[in-house]
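Hi,

Here is the structure I promised to pass on. Have a look at it first, and then read my notes underneath.

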Amino acid sequence: MGVLPIFNGKWMVVARTCSEEQTEALGRAVGERLFPGAVLLLEGALGAGKSVFARGVARALGISGPVRSPTFTILNVLEGRWPFYHFDLYRLDDETALLELGMEEYLDGEGVCAVEWADKFSALSTVPSLSIRIVRVDEHCREIMLAAEGLEYKNVCAALLPKGELTGASAGD
Ligand SMILES: Nc1ncnc2c1ncn2[C@@H]1O[C@H](COP(=O)(O)OP(=O)(O)OP(=O)(O)O)[C@@H](O)[C@H]1O
Ligand SMILES: [Mg+2]
C-alpha cells in the first residue's frame with residue numbers, strides 16, 4: 001500500500017491498495033484517529049470498496065460484527081467506542097428524504113458517521129468531513145483519495161503519511 005500527499009486547494013492524501021485487506025487496514029488507520037462527531041463521506045462506484053473501508057473504520061471503533069452496506073435500510077447503527085452511523089444513500093433520491101431521516105442530527109451528533117454514496121447529495125459537500133473517493137483500477141487495486149475539509153481531518157490525513165506531515169497551505173488553515 002502506498003500513500004502520497006497531494007495538494008489541490010485542499011489537504012489530500014492518495015493511497016493505492018491492492019487487496020480488500022489493505023483497504024480495510026486503511027479504513028482502520030483512519031478510524032483510529034477519529035473523534036466523536038467525525039463524518040466520513042464515501043464516494044465510488046458499485047463494488048469500489050466503500051463498505052470494505054467502512055468495515056475498517058468500524059473495527060477501529062471496536063465493532064467486531066458484520067459491516068455491510070445498509071442499501072435497503074439506509075442506516076445501520078452499530079455500537080462501538082462511539083456509535084457508528086453507517087449510511088448508504090444509493091436508494092435515496094431527494095434531499096427531503098435525507099431530512100426525514102434526521103440526517104442533520106446524526107451529522108451533528110456524538111457518533112462517527114460513514115456515508116456511502118454521499119456524492120449524490122450536494123448538500124453534504126459543505127459538511128466538515130473527510131471525503132474518501134475510491135476508484136477501481138483493476139480487479140484487485142483501488143486508488144483511494146482522502147480529502148480533508150477542516151483542520152481536524154487534515155490531521156487524520158497527515159497521520160497516514162510516513163512522516164506524519166502535509167505541506168502546502170489552504171486559505172483559512
Ligand atoms: N483493493 C480492494 N479494496 C477493496 N475491495 C476490493 C479490493 N480489491 C477487490 N475488492 C473487492 O471489491 C468489492 C468491494 O465491495 P464493497 O461492498 O466494499 O463495495 P461498495 O463500494 O461498498 O459497493 P456498494 O456501492 O454496492 O455498496 C469486494 O468484493 C472486495 O473483495
Ligand atoms: Mg457498500
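**What I found**

Let me start with E20, which sits in helix α1. Bear in mind throughout that this is a predicted model. E20 has 15 C-beta neighbours inside 10 Å, so this residue counts as partly exposed; buried would take 20 or more. What lies across from E20 in space, despite being far off in sequence? C141 is one such partner: 121 residues separate E20 and C141 along the chain, yet their C-alpha atoms are 8.6 Å apart.

E20 also takes part in a helix–helix contact, alongside T23, E24, A25, L26, G27, R28, V30 and G31 of α1. But first the geometry. In general, a pair of packed helices is described by the angle between the axes and the distance between them. For α1 and α2, the axes come within 6 Å and cross at roughly 45 degrees. That angle is why α1 is called oblique to α2: it falls outside the ranges for roughly parallel (under 35 degrees) and roughly perpendicular (65 to 115). The crossing of α1 past α2 is right-handed. On the α2 side, the contact is made by V52, F53, A54, R55, G56, V57, R59 and A60. Sorted by class, the residues in this contact of α1 with α2 are eight nonpolar, four polar and five charged.

Now to the ligand. There are 21 residues around ligand 1, and those that come nearest are T23, G49, K50, S51 and S69. Which elements give two or more residues to that shell? They are α1 (20–31) and α2 (50–60), the pair whose axes cross at roughly 45 degrees. T23 turns up twice, then: among the residues nearest ligand 1 and in the contact of α1 with α2. By class, the shell around ligand 1 holds ten polar, six nonpolar and five charged residues.

Stepping back to the fold, the protein chain has five helices and eight strands. Read from the N terminus, the order is β-β-α-β-α-β-β-α-α-β-β-β-α. The chain has 173 residues, and 38% of them are buried. If you take the contacts between residues at least 6 apart in sequence, 62% of them join residues at least 24 apart.

One more helix residue to look at is Y106, in α4 (residues 103–107). Y106 has 19 other C-beta atoms within 10 Å, and is therefore partly exposed. Leaving aside residues up to four places away in sequence, Y106 touches Y85, G111 and C113. The C-alpha atoms of Y106 and V39 are 9.4 Å apart, with the two positions 67 residues apart along the chain.

Finally, two backbone oddities. Most residues other than glycine have a negative phi. Against that background, I74 is not a glycine but has a positive phi of about 70 degrees. I74 lies in the loop between α2 and β4 (75–79), and is partly exposed because 17 other C-beta atoms lie within 10 Å. W117 also has a positive phi, near 65 degrees. Its place is the loop between β6 (112–116) and β7 (129–136). Is W117 buried or exposed? With 22 C-beta neighbours inside 10 Å, W117 counts as buried.

Cheers

Terms used: Residues are numbered from 1 along each chain as its sequence is written. Chains are lettered from A and ligands numbered from 1 in the order in which they are written. This is a predicted model: local features need pLDDT of at least 70, side-chain atom pairs count only at pLDDT 80 or more; totals for chains, interfaces and linings use all residues. A residue is near a molecule or strand if its C-beta atom, placed from the backbone, lies within 6 Å of it. Helices (H or I, at least four residues) and strands (E, at least two) are DSSP runs, numbered from the N terminus. Ala, Val, Leu, Ile, Met, Phe, Trp, Tyr, Cys and Pro count as nonpolar, Asp, Glu, Lys and Arg as charged, and the others, Gly among them, as polar. A residue is buried if 20 or more other C-beta atoms lie within 10 Å of its own, exposed if 12 or fewer, and partly exposed in between; C-beta atoms are placed from the backbone. Two residues are in contact if their C-beta atoms, placed from the backbone, lie within 7 Å. Axes are lines fitted to C-alpha atoms, for helices over the stretch in contact, and angles run from 0 to 180 degrees between N-to-C directions. Angles under 35 degrees count as roughly parallel, over 145 as roughly antiparallel, 65 to 115 as roughly perpendicular and the rest as oblique. A crossing is left-handed if the near helix is turned anticlockwise from the far one by less than a right angle, and right-handed if clockwise.
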